[in-house]
Amino acid sequence: MSSQHSPRHRPAAGEAGGSAAPLRPSTAVVGLQWGDEGKGKVIDLVAGGFDAVVRYNGGANAGHSVVVQGKRHALHLMPSAVHHPNAIGVIANGVVVDPEVLLKEIDGLAALGVKPPRLALSDRAHVVLPYHKEEDAIRETAAAEADPENDRSIGTTRRGIGPAYSEKALRSTAVRVGDLLRPAALRETLDRACTIKNAQFRALSRAARHFDAATLSEQYSRFGERLRPYVTDTVVLLRKMIDEGRALLFEGANATLLDVDHGTFPFVTASNCTALGIPAGTGVPGRMIGRVVGVMKAYCTRVGAGPFPTEQPNEVGDRIRQRGNEYGTTTGRPRRCGWLDLVALRYAIGINDADAIALMLLDVLSGFETINVCTEYRIGGVRTDRFPPDAMALAEAEPVYESLPGWSEEISSVQALEELPEAARGYIRFIEDQAGAPVEWVSVGPDRAQTIALNAGPAQAALQAR
Ligand code: IMP
């Protein structure tokens, strides 16, 4: 029986495997809100203990920055820990890859001395082409302009993510990374695709770009040649690593409430961003994921359109935006800011089956006399603790708040739980009680050192005792 098909059981923390190496739990890190929770920092904190950091969804719409030799570097497609010496970065089949962006990131890292990155790129990942970005823009503009009173645009990042995933579902015009290495087949597909796209775009917008299959085919074959050293069947690679007792860290891009099936549809991205996306997006069966760490902010933010019950379009939101530097990593757009929504959080913990919470940006809340937290919704006059994962239903939800005491002290240099003001500790306890999952890390600033690890629970022991 090939290792690809050998039966396994779900590994538990510290459990010994058949091989000499102990079977450590593979772990997922996912965003519990609408993105930008600080997953990159959490991954950076724990990645040293893992053998691979695996992206399974999304594309260049995600954004995180890594600090290499003291220099901050923005990445959109590369797995967060690609600069860690021990872990290989894997871009698995569920990701949509913009080769131009990926090559720029590889070159950017090389300029920082990370050369060549330890990267494996799935031959089955789908390719984002320039016409996908054009389509993203045309659709967004059309949705906004059709009825100026009623803007229907999603507020996408315009990175071509939705159109690339649509192409995957359409199949006959889709290009996968492996196709970039087969020039004749690539040309054929691009001929078909360009004929359709050019006709559609011309009908929708006189300003639309025209796409030439021959030019694209040449350009993307060149990208393919440059990417060739990284291209492989990542399903086989990951299964082999698991069989050897290696631990994988799955890096969720975007976040739970943006999940195409479980988020606030239609104001979502086009992939499964929750832990549920891992099996299909990597070929690693779900029962092989030992731990799920959910990352949340101490408040809520959202970029783009869509319902946001606890949004504070007032001085509260402005203060959070200013203190939290809440501007998009990918697009630079100001983020919408508001109070913590525990109805949405409980939903997100449930759908991901999160074992542990990393609570980020707690320092941003210093200086509020009271902090409101949404514990229930009122929908149609009826109180409910159920989160409706549907934009129209959620738009009807009015938050029911509980007010907690705030704290005035700056906490960004606090190193231990006991040093936090009593009100900040009360806030953490309240979140744990309401969420039904332990808070195992509290982040009080962007640097690694600005992290408080709480009473080593099982997830933490598994992640840190390596
Ligand atoms: P798309 O993924 O570019 O199609 O955008 C769809 C929606 O998801 C928009 O509201 C984006 O602002 C949002 N979005 C996508 N990726 C992220 C992310 O990483 N952080 C925050 N919002 C995101």
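# Reading a two-domain model and its ligand

Modeller: Let's start with the layout: the chain is divided into domain 1 (26–123 + 233–464) and domain 2 (126–230). Keep in mind that this is a predicted model.

Colleague: Thanks! How many Å apart do the centres of domain 1 and domain 2 lie?

Modeller: Their C-alpha centres are 29 Å apart. Contacts tell us about the boundary itself: 35 residues of domain 1 touch 25 residues of domain 2.

Colleague: And how should I read the size of such an interface?

Modeller: The general idea first: interface size is often quoted as the accessible area lost when the parts come together. Here, domain 1 and domain 2 bury about 2400 Å² between them, and carbon and sulfur atoms give 60% of that area. On the domain 1 side, V96, P99 and L103 supply 23% of the area buried against domain 2, more than any other three residues.

Colleague: What about the polar side: how many salt bridges does the rule find across the interface of domain 1 and domain 2?

Modeller: Two salt bridges are found there. As for individual pairs, look at R226 and D107, whose side chains meet in a salt bridge with an N to O distance of 2.8 Å. The interface of the two domains also has ten residue pairs in polar contact, both partners being at pLDDT 80 or more.

Colleague: Now the ligand. Where does the ligand lie with respect to domain 1 and domain 2?

Modeller: A useful way in is to ask which domains give residues to the shell. Domain 1 and domain 2 both contribute, so the ligand lies between them.

Colleague: Which residues around the ligand are the closest?

Modeller: The ligand is surrounded by 16 residues, and the closest are N61, T157, N254, T269 and R333. Sorted by class, that shell has six nonpolar, eight polar and two charged residues.

Colleague: Which atoms should I inspect for polar contacts?

Modeller: Try three places. In T157, a polar side-chain atom lies 2.6 Å from an oxygen atom of the ligand. With N254, an N or O atom of the side chain is 2.9 Å from a nitrogen atom of the ligand. At G155 the backbone takes part instead, with an N or O atom 3.4 Å from a ligand oxygen.

Colleague: Is the ligand mostly buried or exposed?

Modeller: Buried: taken alone the ligand exposes 470 Å², and the protein buries 96% of that.

Methods:
Residues numbered from 1 in each chain as written. Predicted model: local features only at pLDDT ≥ 70, side-chain atom pairs only at ≥ 80, totals over all residues. Heavy atoms only, no water. Near = heavy atom within 4 Å. Polar contact = N/O pair within 3.5 Å; in protein donor to acceptor, adjacent residues only side chain to side chain. Areas by Shrake-Rupley, 256 points an atom, 1.4 Å probe, with all protein chains shown as cover. Nonpolar A, V, L, I, M, F, W, Y, C, P; charged D, E, K, R; others polar. Domains from an automatic or database assignment. Contact = heavy atoms within 4.5 Å. Buried area = accessible area lost by both parts, 1.4 Å probe. Salt bridge = Lys/Arg side-chain N within 4 Å of Asp/Glu carboxyl O.
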